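Here is a note for someone opening this entry without background. Please read it with the structure in view.

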Amino acid sequence: MINVYFGVIGAGHIGKRHMEMIRRKEGFNLVAIADIRSKEACGVDDDNVPHYIDHKAMLEAHPELDVVCVCTPNGLHAQQSIDAISSNCHVV
């Protein structure tokens, strides 16, 4: 079994959708999420997944990440993607 470790940046509607799809797939593991809002404000109930208000802190804390899903407003995608790629992650 291959395990793939995911992080999600942006916990709005699309981010939550990505989180759900990751959880449904065997071998996929949701490692961490990042959103400038608190976990409570985002409505994320999973206590087992760490939440960061800064995506760079998430990337730094989780070198095991294989893939980062960028689910923020599109004006933020470029820099967040560059940051994830610079941390040796694939980007969705």
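1. Is Lys-39 buried or exposed? Lys-39 counts as buried, because its relative accessibility is 14% and the cut-off for buried is under 20%. Keep in mind that this is a predicted model.

2. Look next at the surroundings of Lys-39. The residue belongs to helix α2, which covers residues 39-42. Its side chain reaches the backbone oxygen of Val-49 at 2.6 Å. Leaving out residues up to four places away in sequence, Lys-39 touches Val-44, Asp-46, Asp-47, Val-49 and His-51. Val-49 therefore appears both as a touching residue and as the owner of that backbone oxygen, in a buried setting for Lys-39.

3. Now the sheet. What is the order of its strands? The order is β3-β2-β1-β4-β5. The sheet is open, has 5 strands and pairs them in parallel. Strands β3 (51-52) and β5 (90-91) stand at the edges. Each has a single partner strand, so one side of each is left without a neighbour in the sheet. In general, strands of a sheet pair through backbone hydrogen bonds, either parallel or antiparallel.

4. One pairing deserves a closer look. Strand β1 spans residues 4-9 and strand β2 spans residues 28-34. The two run parallel and are joined by 6 bridges. Gly-7 stands opposite Ala-32 in β2.

5. Two helices lie across the strands. Helix α1, residues 13-24, lies across β1, β2 and β4 (67-70). Its direction is at about 155 degrees to β2. Helix α4, residues 77-86, lies across β1, β4 and β5. Helix α4 runs at about 175 degrees to β4.

6. Helix α4 has two sides worth separating. Which of its residues are buried? They are Gln-80, Ser-81, Asp-83 and Ala-84. Seen down the axis, these buried residues fall within an arc of 160 degrees, so they line one face of the helix. They pack against β1, α3 (55-61), β4 and β5. The face turned away carries the exposed residues Ala-78, Ile-85 and Ser-86. Just after α4, Asn-88 takes a positive phi of about 65 degrees.

7. His-77 also lies in helix α4. Its relative accessibility is 28%, so His-77 counts as partly exposed. A polar atom of its side chain lies 2.6 Å from the backbone oxygen of Thr-72. Not counting residues up to four places away in sequence, His-77 touches Val-70 and Thr-72. His-77 and Ile-14 are 63 residues apart in sequence, and their C-alpha atoms are 13 Å apart in space.

8. Finally, charge pairs. How many salt bridges does the structure hold? It holds 2. Side chains of opposite charge can pair when their charged atoms come close.

9. One salt bridge joins the side chains of Arg-24 and Glu-20, at 3.0 Å from N to O. The two residues are 4 apart in helix α1, so about one helical turn separates them. Arg-24 is exposed, with a relative accessible area of 59%. Glu-20 is partly exposed, at 31%.

10. Another salt bridge links Asp-35 with Arg-37. Their closest N and O atoms are 3.1 Å apart. Asp-35 is buried, with a relative accessible area of 10%, whereas Arg-37 is partly exposed at 36%.

Key: Residues numbered from 1 in each chain as written. Predicted model: local features only at pLDDT ≥ 70, side-chain atom pairs only at ≥ 80, totals over all residues. Heavy atoms only, no water. Pairing = 2+ DSSP bridges. Contact = heavy atoms within 4.5 Å. Axes fitted to C-alpha atoms, helices over the stretch in contact; angles between N-to-C directions. Buried < 20%, exposed > 50% of the residue type's maximum accessible area, 1.4 Å probe, protein only. Polar contact = N/O pair within 3.5 Å; in protein donor to acceptor, adjacent residues only side chain to side chain. Arc of directions from axis to C-beta. Salt bridge = Lys/Arg side-chain N within 4 Å of Asp/Glu carboxyl O.
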